[in-house]
Amino acid sequence: MAKRFHYAFAAIFAATVAGSGVALADSSDEGLRVFKAANCVGCHKWTGAGGGGYGGAAANLRKTKLTLEQIELTIRCGRISKGMPHFDADAYTDGRCYGMKAAQLGPGQIPPEADHPLRPADIDAVAKYVVANIKGQGEATLDQCHSFFGAGSRVCDMYAKRDEGGVQHADAEQQEPAEAHQHMKVDAATDSNAPHQDAEK
Amino acid sequence: MSKSTCVAAVVALILGSQPTVFAAEGVTAEQLLNADSDPGNWLTHHKDYSAQRFSPLNQINKDNVKNLHVAWTLQLGGIEGGGIWTHGGLEGTPIVENGMMFVTDGWGSVYKIDTRGGQAKVLWRMDPKTDHDWAGAVACCGVDNRGVALSGNLVLSHTLDGRLIATNKDTGQIAWQRQVADPDKSEVITGAPLVVKNMVITGVAGAEYGIRGWIAATDLTSQKEVWRTYTIPAKGEPGSETWKDSNNAAATGGGSTWVTGSYDPRTNTLFWGVGNPGPDWDSEYRPGDNLYTDSTLALDVDSGKIKWHFQHTPNDAFDYDSVAENVLADAPVHGQPRHLDLEADRNGFAYALDRDNGQFVWGLPFVKKVTWTKGLDPETGKPVEYDPKTPVQKYNASVTPSKENPVTMICPGNMGGKNWPPTAYNPVLKEWYIPVIESCNRITVKPETPGKPVGKREFFTGGGPDQPVRITGSVTAIDVTTGKEVGKHETPFPMLGGLLTTPDLVFYGQPDGKIAALDAKTLQELWSFNTGGGVNAPPMTFTSDGKQYVAILVGQGGAWDKWFIESTPELKGMPPGSSLYVFSLN
């Protein structure tokens with residue numbers, strides 16, 4: 001099923017950026033790879049929804065109004081005075097980003113350096129991935145989760161329960177035995193400090 | 001038990017494939033009770049039930065430690081990422097029984113290493129096939145696993161995805177496993193298990209995601225859970241009155257238990273620290289003291305019933321967990337013999353309690369800078385500004401994060417004056433050594449909406465920190481007989497790995513790769529070595545073939561390089577790693 005929905009995404013993608021002249025399905029694959037490898041997931045989550053936490057709040061890419069070009073710019077240059085890193089290693093060497101050089105920016109203003117800078121083709125691919133698969137997508141779904149992770153992880157189970165009103169998604173069930181992961185449940189003891197326990201003793 | 005495990009176990013039994021006499025009976029409850037008088041071994045997480053991390057071994061001492069050098073190293077695995085994490089790291093304490101060492105990597109693989117003959121030989125690796133994305137997406141602070149416990153012929157370990165696994169010590173096959181924590185509820189496990197009697201005890205992490213924390217005990221024979229003590233009381237239980245809101249904030253109240261506890265057989269009491277309330281920085285969301293968050297708990301080990309509690313930071317607005325280990329030490333205080341419980345809290349204060357009743361004995365700041373309170377009340381040990389009649393505590397209101405004060409510098413920073421890395425207590429000198437994070441950081445409050453459902457597997461923190469100023473560290477020594485600071489050895493980086501003490505030495509590691517030994521009395525550095533990899537784990541010591549070794553895991557993990565790196569810019573280039581360093585004289 002994961003593969004089938006992957007193709008569905010490719011179709012959406014094709015409709016969105018048709019005419020760009022690249023091999024669309026491959027580019028989407030590539031964008032997903034970069035989205036994982038560059039650790040976009042680390043702050044924006046796999047859904048792109050971002051949100052608060054230890055690292056501060058990452059933007060919600062599902063609700064973004066940025067265009068493809070603006071997203072690409074944000075990936076290359078990061079965001080001034082925010083946590084979004086710049087993935088172009090030379091972003092602040094020659095004024096290519098927002099017309100600014102490193103010396104013009106204070107320590108709290110210059111965006112963090114990415115752990116691993118991205119090549120222009122990678123930035124292009126991941127920006128297109130965001131536009132095609134994340135921007136404007138509404139709430140994350142089980143199918144999107146499986147497209148991202150495959151069916152081997154329990155990470156998508158919560159979407160199965162939600163989408164099916166608590167019933168395990170039939171297709172997902174069929175996928176599971178292929179992967180070696182546990183489906184044990186917690187069998188917890190009763191609350192040690194509950195008052196009724198005193199009554200029993 | 002799987003069929004193949006069963007077959008392997010039977011084969012091992014028939015062939016008697018293990019040559020050592022020890023393998024047959026394994027580690028007994030009696031041995032664990034007496035681990036403090038078994039200097040060559042390191043049988044349980046904190047060495048023995050007192051959690052002193054003191055070894056009486058003295059082949060390596062202050063006169064010859066300058067000659068310490070690498071005996072051997074070993075590359076481990078588990079470096080891969082998962083969920084929101086780009087890589088795993090090492091925070092574990094190696095366990096050693098009769099020359100056999102057991103370590104874990106960040107994803108919970110267990111390695112059995114034969115250290116005899118002055119070299120390392122990996123006998124087996126148990127890979128639990130942890131669900132990386134399921135667990136790693138809700139691990140607030142890294143892909144970490146702090147090690148194993150031993151009981152009989154089993155090696156007990158946890159996985160980040162919530163399992164307790166019993167591995168056959170001889171074969172490396174999984175004997176049995178059970179799900180203890182539920183990552184669907186954002187519960188994960190990073191702490192090492194603790195074996196007491198015929199039980200193995202588990203703590204949980206997840207207070208940044210709206211869990212309701214607990215400590216659970218599993219019977220080693222029946223493999224069933226025998227008790228579960230929730231750190232947030234249910235309605236009607238004692239302590240539930242300290243959650244005064246009308247939105248059921250207690251249901252997502254936090255109270256993690258991810259650092260292994262200690263045990264006093266004299267009173268049959270388990271001591272365990274409890275973490276922060278959730279949401280971390282929005283204290284108005286949860287008016288009241290929020291028991292038992294930020295507390296030390298004393299539990300009856302057979303039933304899990306709470307005997308007493310001591311709360312360090314009521315209605316915490318800082319993320320000042322009290323999850324730290326509780327060190328059990330018997331020492332005179334101002335001339336009176338006391339049974340002490342020592343705890344170095346994230347709030348920057350070191351506490352001594354009477355561990356038989358939870359009464360406050362002394363407390364003092366162990367960091368250079370505390371701004372959130374003027375100090376502790378000398379009678380009660382509570383922050384002096386604490387007012388039990390006030391539902392939302394303001395402490396030093398110009399510092400405390402709140403809606404009125406939404407961007408604020410706090411000292412210590414939210415990683416705390418001391419985080420999980422363990423302290424060490426030297427019973428000869430009666431000095432207690434604390435691995436300190438000398439820090440401030442900036443909190444931005446983003447209030448959560450009362451009554452709005454808490455997002456499943458989503459951060460629930462009410463804001464977040466950032467790092468506008470440099471963070472350093474120290475080893476700070478406290479004389480427990482007076483409750484006074486007697487030394488501070490400053491370090492350029494925060495202490496992210498913890499301590500070991502021997503009769504005259506203190507060992508530590510730094511996130512820039514340095515490992516060092518200090519004179520236990522003067523805190524002067526006597527030896528150091530740079531491993532070239534970030535140290536994020538505590539040193540330990542053992543003997544093999546009668547010779548003393550010091551071992552430490554090397555490989556930056558944890559929360560630092562993702563959330564706190566801006567405060568230590570020199571560490572930005574430090575790549576992840578996963579290795580074991582073992583040192584000896586000649």
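I began with strand 4 and strand 5 (residues 121–126) of chain B, which run antiparallel and are joined by five bridges; strands here are DSSP runs of E of at least two residues, helices are runs of H or I of at least four residues, and both are numbered from the N terminus, while two strands count as paired if DSSP finds at least two bridges between them. The model is predicted, with local features needing pLDDT of at least 70, side-chain atom pairs counting only at pLDDT 80 or more, and totals for chains, interfaces and linings using all residues. Residues are numbered from 1 along each chain as its sequence is written, chains are lettered from A and ligands numbered from 1 in the order in which they are written, and side-chain values use heavy atoms, with hydrogens and water left out.

Between strand 4 and strand 5 of chain B, I found Asp114(B) opposite Lys121(B), and in their hairpin, which has six residues between the strands, Gly117(B) takes a positive phi near 80°.

I then looked at the other partner of interest, strand 3 (residues 100–104) of chain B, which pairs with strand 4 in the antiparallel sense over five bridges. Here Met101(B) stands opposite Ile113(B), and the hairpin of strands 3 and 4, with five residues between the strands, has Gly108(B) at a positive phi near 90°.

Is strand 4 (residues 110–114) of chain B covered or open? I noted that five of its five residues are buried, where buried means under 20% relative accessible area, exposed over 50% and partly exposed in between, with a 1.4 Å probe and protein chains only. Both faces are covered, with Val110(B), Lys112(B) and Asp114(B) on one side and Tyr111(B) and Ile113(B) on the other.

For chain B as a whole, I recorded five helices and 35 strands, and buried residues make up 68% of its 586 residues. Among its contacts (heavy atoms within 4.5 Å) between residues at least 6 apart in sequence, 63% join residues at least 24 apart.

Next I turned to an open sheet of four strands in chain B, in the order 18-19-20-21 with antiparallel pairing. Its edge strands are strand 18 and strand 21 (360–365), each pairing on one side only. The twist averages 30° from one strand to the next, with axes being lines fitted to C-alpha atoms and angles running from 0 to 180 degrees between N-to-C directions. Within this sheet, strand 19 (residues 336–344) and strand 20 (residues 349–354) of chain B pair over five bridges, and the bridge partner of Ala344(B) in strand 20 is Ala350(B).

Strand 18 of chain B led me to the second largest pocket, to whose lining this strand gives the most, with three residues. The pocket has a volume of about 370 Å³; on a 1 Å grid over the protein atoms alone, a pocket is an open set of points with protein on both sides within 12 Å along at least five of seven lines, and lining residues have an atom within 4 Å of a point. Of the 20 lining residues, the closest to its centre are Asp36(B), Asp48(B), Ser50(B), Gln52(B) and Leu328(B). Helix 3 (29–33), strand 14 (262–264) and strand 18 (327–333) of chain B each supply at least two lining residues.

Finally, in chain A, I checked helix 6 (residues 142–149), where seven of the eight residues are buried, including Leu142(A), Cys145(A) and Phe149(A). This helix is followed by Gly150(A), whose phi is positive, near 75°.

Definitions and conventions: On a 1 Å grid over the protein atoms alone, a cavity is a set of points where a 1.4 Å probe fits but cannot get out, and a pocket is an open set with protein on both sides within 12 Å along at least five of seven lines; lining residues have an atom within 4 Å of a point. Grid points are joined across faces, edges and corners, and a volume is the space filled by probe spheres set on the points.
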